[in-house]
Amino acid sequence: MVTTEPKESAAKKPANELAIQFGSAWEYAPAPETPDHVKIEPRYELFIGGKWQAPHSKKYFDTISPSTEEKLSEVAEADATDIDNAVKAARVAYEKYWSKLRPIDRGKYVYRISRALQEKARELAIVESMDGGKPIKESRDFDVVQAAAHFFYYAGWADKLAYAFPGRNPRALGVAGQVIPWNFPLLMAAWKLAPALATGNTCVLKPAETTPLTALLLAKIIEECDLPPGVVNIVTGAGATGAALVGHPDVDKVAFTGSTDVGKRIQKAIAGSKKKITLELGGKAANIVFADAPLDQAIEGIIGGIFFNQGHVCCAGSRLLVEESAAPAVIRKLKDRMATLRLGDPLDKNTDVGAINSKMQLEKIRELCASGEKEGAERFSAPCAMPKRGYWFAPTIFTGVSQSHRIAREEIFGPVLAVQTFRTPEEAIEKANNTMYGLSAGIWTDKGSKSFWVAQRLKAGVVWANTYNKFDPSSPFGGFKESGFGREGGRQGLLAYLEVD
Ligand code: NAI
Ligand code: MG
């Protein structure tokens with residue numbers, strides 16, 4: 001069952017030569033999305049109690065486009081006083097309106113948000129790509145679509161909670177404090193708001209400081225959808241704002257997605273309180289490729305799983321475990337495919353790899369890659385031309401990686417793949433599980449029975465077989481170990497926002 005690879009002459013050529021060969025064959029004319037019709041305001045206030053309010057501190061901070069380093073807008077920095085106002089507004093909205101609505105009417109509001117997202121899909125995709133650096137084909141075909149789908153899906157549950165948990169008397173918790181990261185700004189807002197609203201909670205949501213714009217556009221959409229004031233409050237700011245929100249005594253539920261470090265800090269901060277908490281943290285997923293796998297399909301999955309969206313994905317397949325006999329073919333095919341990846345303008349529809357989200361993140365990726373070289377792994381970076389301005393990092397793979405290397409253990413959150421080999425399925429499982437994380441994994445094999453056998457032994461919340469990074473609102477998502485706890489999506493995702501008997 002071992003796939004044998006013809007020894008083409010290309011395999012012996014140095015990678016750079018391959019890049020030139022493939023690069024010229026695959027060139028497309030630029031096809032940028034025009035941002036002309038998109039209106040980004042010069043300044044955004046806080047959305048509290050259905051009104052746009054200036055921050056108590058009177059302070060604002062810039063949000064830039066990481067692909068051009070240009071300032072896009074400035075947003076309010078909420079302090080503890082603003083957070084207190086937002087939580088109070090959410091409490092009043094909960095007591096006065098939201099908990100009194102018939103569930104079917106709550107559902108109608110949530111449907112309305114979904115439809116409005118669909119209507120404004122193009123604008124949202126463009127702003128997402130400008131503010132965060134991700135390619136428009138990602139934001140247009142994945143982020144915005146999934147965000148709308150999420151509201152649509154949870155809207156349907158609003159009046160069916162009794163059927164979701166029969167005989168268990170499901171009840172809303174009250175006010176949810178939600179903090180989200182910069183890798184899927186709109187989609188994470190949807191993952192947080194949709195189930196919370198459908199189950200009857202009110203929300204205070206804080207987007208990440210580098211990517212606040214689509215959450216603010218979502219606030220405008222929610223305003224247009226006529227939700228009762230205070231049901232959704234959007235407050236901007238950095239870590240201190242997030243800490244004030246999750247620590248607020250009148251928050252009943254904390255939902256956080258972000259780094260494991262901050263997740264641990266939040267858990268400590270609220271220990272002893274009655275707050276219900278879900279944490280979706282980092283990952284170090286392994287893609288396991290057996291020699292009997294459809295290799296070309298696997299290559300696409302591996303490439304998409306780590307390089308698209310610049311590896312800014314918590315479930316990114318950042319480790320590749322490949323069966324030793326197939327390793328030379330897989331690595332050669334990977335390098336060939338890497339040479340055809342198009343890096344550049346996120347607004348160009350042909351772009352595969354956009355900009356790194358921030359200078360800080362770029363520095364973190366560089367530092368970890370330098371450690372990989374220093375610790376003895378062999379580095380290959382796709383020979384992409386880099387734009388002069390902005391934050392960019394060429395898709396990179398490391399071979400000769402051992403388990404003790406930092407690049408095999410730490411979350412890089414960039415377009416960097418660490419390749420290791422294995423000889424037996426047991427060894428693959430042991431290596432895949434040898435991490436403090438447990439968010440996701442991929443299995444590539446021709447044998448269905450082998451997929452199931454391996455999947456049962458992987459300590460990962462999501463396991464994909466012969467595909468990668470596939471999402472659906474009806475499918476629960478979440479981690480094991482230091483990847484966090486609680487599930488988002490599906491019927492399980494309702495439970496994070498309900499009390500049941
Ligand atoms: P982070 O965890 O600091 O930021 C995530 C969110 O938490 C942001 O909205 C931030 O303002 C907020 N925050 C920061 N400190 C807080 C606190 N003490 N209390 C409450 N909220 C707080 O992540 P950061 O620094 O942007 O990225 C660092 C690393 O984290 C990345 O390099 C990556 O490895 C990982 N990461 C993982 C993500 C995931 O989805 N699993 C998402 C983003 C980052
Ligand atoms: Mg930005």
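The following legends describe close-up views of a predicted model.

**View 1. Ligand 1 and its surrounding shell.** Ligand 1 takes up the space of the largest pocket. A total of 27 residues surround ligand 1, and the closest are Trp182, Glu209, Ser259, Leu281 and Lys364. Several secondary-structure elements each supply at least two residues of this shell: helix H9 (239-247), strand S10 (253-257), helix H10 (260-270) and helix H13 (359-374).

**View 2. Polar atoms of the protein beside ligand 1.** Two backbones and one side chain are shown here. A polar backbone atom of Ile180 is 2.8 Å from an oxygen atom of ligand 1. At Leu281, a backbone N or O atom lies 2.8 Å from a nitrogen atom of ligand 1. Glu411 takes part through its side chain, a polar atom of which lies 2.8 Å from an oxygen atom of ligand 1. Ligand 1 exposes 820 Å² when taken alone, and the protein buries 88% of that area.

**View 3. Ser259 in the loop between S10 and H10.** Ser259 is found in the loop that joins these two elements, and Ser259 is among the closest residues to ligand 1. With the protein chains alone as cover, Ser259 counts as partly exposed because its relative accessibility of 34% falls between the limits of 20% and 50%. In sequence, Ser259 and Gly479 are 220 residues apart, whereas their C-alpha atoms are 13 Å apart in space.

**View 4. Ala243 in helix H9.** Ala243 has its place in helix H9, an element that supplies at least two residues of the shell around ligand 1. The relative accessible area of Ala243 is 47%, and this residue is therefore partly exposed. A separation of 9.9 Å is found between the C-alpha atoms of Ala243 and Asp79, which are 164 residues apart along the chain.

**View 5. Thr445 and its contacts.** Thr445 is placed in the loop between strand S17 (440-444) and helix H16 (448-457). Its relative accessible area is 1%, under the 20% limit, so Thr445 is buried. The side chain of Thr445 makes a polar contact of 2.8 Å with the side chain of Asp292. The same side chain of Thr445 also reaches the backbone nitrogen of Lys447, at 3.0 Å. Apart from neighbours within four places in sequence, the residues in contact with Thr445 are Phe290, Asp292, Ala293, Pro294, Lys450, Ser451 and Asn466.

**View 6. Cys203 in strand S8.** Cys203 belongs to strand S8 (residues 202-206). Cys203 is buried, because its relative accessible area is 0%. When residues up to four places away in sequence are not counted, Cys203 touches Ala90, Ala176, Gln178, Leu193, Ala196, Leu197, Val231, Val232 and Asn233. Gly177 is 26 residues from Cys203 in sequence, and the C-alpha atoms of the two are 6.1 Å apart.

**View 7. Positive phi at Asp226 and Asn469.** Asp226 is not a glycine, yet its phi is positive, at about 65 degrees. Asp226 lies in the loop between helix H8 (213-224) and strand S9 (232-234). This residue is exposed, since the relative accessible area of Asp226 is 54%, over the 50% limit. Asn469, also a residue other than glycine, has a positive phi near 50 degrees. The loop that holds Asn469 runs between strand S18 (462-465) and strand S19 (484-485).

Key
Residues numbered from 1 in each chain as written. Chains lettered and ligands numbered in written order. Predicted model: local features only at pLDDT ≥ 70, side-chain atom pairs only at ≥ 80, totals over all residues. Heavy atoms only, no water. Helix = DSSP H or I, 4+ residues; strand = E, 2+ residues; numbered from the N terminus. Buried < 20%, exposed > 50% of the residue type's maximum accessible area, 1.4 Å probe, protein only. Polar contact = N/O pair within 3.5 Å; in protein donor to acceptor, adjacent residues only side chain to side chain. Contact = heavy atoms within 4.5 Å. Near = heavy atom within 4 Å. Areas by Shrake-Rupley, 256 points an atom, 1.4 Å probe, with all protein chains shown as cover. 1 Å grid on protein atoms, 1.4 Å probe; cavity = no way out; pocket = protein on both sides within 12 Å on 5 of 7 lines; lining within 4 Å. Sits in = over half its atoms within 2 Å of the grid points.
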